Amino acid sequence: MNIAFSDRFLNMLKTARRVVVSTGAGVSAESGVPTFRGADGLWKKFRPEELATFEAFQANPQIVWEWYQYRREIIHKIKPNPGHYAIAQMPKFFEAFDLVTQNVDGLHRAAGSEDVIELHGNIMRNKCVDCGGLNDDREFAQFPPLCRCGGRLRPDVVWFGEMLPASALERAEKVSTSCDIFFSVGTSGVVQPAASLPYLARRGGAFVVEINPEPTELTYITDEHFVGRSGEVLPAILEKIKSVRSRSLTAS
Ligand code: OAD
């Protein structure tokens, strides 16, 4: 893909010490994971209040589990795309690199990213509503499944109205506030508190970059908006990182 890189962006890539990449559903779109909003988004076909709230789970655990099993099946069949792989290669070029995701699909880890700040949990993990125990069982003796303690199991994801895992959120806020470049990739930027991270970065003095085929709520505060698919733009940025960072390493 032929992408124009501004001198300002290239200079930031060359000098940045601390980098944060924050991803949303769009980074997995080219792997075949449906996004939430937009014409074919999941929330166009399903009602979030019937599927992604604790109240819905209490009222009808069977339906909520079936919805998550359906999404697990989609995710089991797919693979990371060049965008995930490009991100996985970035940490070695910077003094500090943090990856924050709203995605629950585990594709960053599958691509080789070792340390992923998962703000909305992980769809492949289960959590007991009573004892809080975690497991990644996929076959269940009964359905909807129960924990060994007898409590009800639920997917370990954040539902609407629930708090994010405190340690993940604290870490995401801390690294966003102190980074030099903040990349917002494939998110509509409307779901809080993840949507605040680029603003924290901006307030902390970071250069804010967006990668998204569409303009979003965030676009007006960005320093650079790459209009394109992350599976194409991120590998091109990785190539630039390789060339400018290896040159600056040789020069020092
Ligand atoms: P959305 O579905 O709201 O937004 C996806 C974004 O990805 C849109 O801005 C698209 O334009 C963009 N996009 C689509 N294809 C792309 C591609 N190939 N490359 C780059 N960008 C692309 O998804 P999120 O912002 O991640 O929360 O949604 C945030 C949260 O809302 C989710 O984590 C989920 C949902 O409700 C919970 O379930 C708690």
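## Two domains in one chain

The C-alpha centres of domain 1 and domain 2 lie 28 Å apart, and the contact between these domains, counted where heavy atoms are within 4.5 Å, takes ten residues from domain 1 and nine residues from domain 2. The domain bounds, which come from an automatic or database domain assignment, place 1-32 + 80-120 + 164-252 in domain 1 and 34-77 + 126-157 in domain 2.

This is a predicted model, in which local features need pLDDT of at least 70 and side-chain atom pairs count only at pLDDT 80 or more, while totals for chains, interfaces and linings use all residues. Residues are numbered from 1 along each chain as its sequence is written, and side-chain values use heavy atoms, with hydrogens and water left out.

## The interface between the domains

Domain 1 and domain 2 bury about 630 Å² between them, with 69% of it on carbon and sulfur atoms; buried area is the accessible area (1.4 Å probe) that two parts lose on being put together, summed over both. On the side of domain 1, A25, G32 and V104 supply 45% of the area buried against domain 2, more than any other three residues.

Across this interface the rule finds zero salt bridges, a salt bridge being a side-chain nitrogen of Lys or Arg within 4 Å of a carboxyl oxygen of Asp or Glu. There are likewise zero residue pairs in polar contact across the interface, with both residues required to be at pLDDT 80 or more; a polar contact is a pair of N or O atoms within 3.5 Å, and within protein one must be able to donate a hydrogen and the other to accept it, while residues adjacent in sequence count only if both atoms are side-chain atoms.

## The surroundings of the ligand

Of the 23 residues around the ligand (a heavy atom within 4 Å), those that come nearest are A25, F36, R37, T187 and S188. A polar backbone atom of A25 is 2.7 Å from an oxygen atom of the ligand, and a polar side-chain atom of H120 lies 2.8 Å from an oxygen atom of the ligand.
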